[in-house]
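Student: I am new to this structure and should be grateful for a close look at one part of it. Would you please take one helix and explain how it sits among its neighbours, and then turn to the ligand and its surroundings?

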Amino acid sequence: MRKPVFAANWKMNYGPQETRGFLLKFLASYPPRDDRTVIFFPPAVSLAVAGFALRDRPDVLLGVQNIHWEEKGAFTGETSAQMARDCGATVALVGHSERRQLFGETDEMTARKCAAAARAGLTPLLCVGERADERDRGTTQPVVMRQLKTGVGRLEKTQLASMLVAYEPVWAIGTGKTARPEDATIVHSAIRRYFREALSGSADSVAILYGGSVNADNTAELIAAPEVDGLLVGGASLDVDTWTRIVST
Ligand code: PEP
């Protein structure tokens, strides 16, 4: 039985001061529990403050929203996996649909980023998901499987076995529309089958999260869906009371 994972993607919200205030309030109302994992993905400039705020809470993990695949060098504006690690991050979000759609991130770039994360000791959380037009053409599974296979293509088997994946239909992100739990289960099952084959058997260690307009009212039904091991939450993770309700479900 995998522990449910609740991951907060803050996108470009909350600088260091707001991050500190949010986390202190959250930690005060959310006592440590070992039956679930909570992950925060604040903006890169807030990672150090977040790492400090979370230093005594191993049950609450810190992640970086995006990394560059190189370790250092002339890449103005970028953050390396090692830099995020130095701030206390242990997870790296890779291939979020906003990175793909707004910043031209390709499947090959996600593969390099996953590999860079794993090399630096960060667990990659690879996001995959189809656009509305791809869903309407009936190509959800081919699109998701292409993104998945290419994205994990540079990882070793041991790195594959401990990674995280988020199925996030693009049409559900920030739109108030969610996938029906049974539709999420179909895609999650295909992802699980891929890992079973790639790992020659058990793929139980790989957590597959759903993301797309999750809120406090639909959390229970989505997290109960077969093969849904956790949730990646954007907008609803920005309000500390709502987020506390979600992770306490
Ligand atoms: C996300 O940004 O990964 C996301 C799922 O956003 P939202 O919950 O706002 O749809």
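Tutor: What follows treats one helix first, then the ligand, and then two single residues. Please bear in mind that the model is a predicted one.

The helix is H1, which covers residues 16-29. Its length can be checked by simple reasoning: at 1.5 Å a residue, 14 residues should span 20 Å, and the C-alpha atoms at the two ends of H1 are indeed 20 Å apart, so expectation and model agree. Which residues of H1 are buried? They are Thr 19, Phe 22, Leu 23, Phe 26 and Leu 27. When one looks down the axis of H1, these buried residues fall within an arc of 125°, and therefore they line one face of the helix. The numbering reflects a general rule: an α-helix has 3.6 residues a turn, so residues three or four places apart point the same way. On the face of H1 turned away from the buried side, one finds the exposed residues Gln 17 and Ala 28. The buried residues, for their part, pack against four elements: strand E2 (37-41), helix H2 (47-53), strand E3 (60-64) and helix H11 (240-247).

We may now turn to the ligand. It is surrounded by 14 residues, of which the closest are Lys 11, Glu 168, Gly 174, Ser 213 and Gly 234. Polar atoms of both side chain and backbone approach its oxygen atoms. A polar side-chain atom of His 96 lies 2.9 Å from one oxygen atom of the ligand. Polar backbone atoms take part as well: that of Gly 174 is 2.7 Å from a ligand oxygen, and that of Gly 235 is 2.8 Å from a ligand oxygen. Taken alone, the ligand exposes 290 Å², and the protein buries 96% of that.

Ser 213, named above among the closest residues to the ligand, is also touched by Asn 218, as is Thr 178. Asn 218 lies in the loop between strand E7 (207-211) and helix H10 (219-223). With a relative accessibility of 11%, Asn 218 counts as buried, because the limit for that term is under 20%.

The last residue is Leu 164, which belongs to strand E6 (residues 164-167). Leu 164 is buried, its relative accessible area being 11%. Among the residues it touches are Ile 39, Val 91, Leu 126 and Ala 207. Leu 164 and Cys 127 stand 37 residues apart in sequence, while their C-alpha atoms are 8.8 Å apart in space.

Technical notes: Residues numbered from 1 in each chain as written. Predicted model: local features only at pLDDT ≥ 70, side-chain atom pairs only at ≥ 80, totals over all residues. Heavy atoms only, no water. Expected span 1.5 Å × (residues − 1). Buried < 20%, exposed > 50% of the residue type's maximum accessible area, 1.4 Å probe, protein only. Arc of directions from axis to C-beta. Contact = heavy atoms within 4.5 Å. Near = heavy atom within 4 Å. Polar contact = N/O pair within 3.5 Å; in protein donor to acceptor, adjacent residues only side chain to side chain. Areas by Shrake-Rupley, 256 points an atom, 1.4 Å probe, with all protein chains shown as cover.
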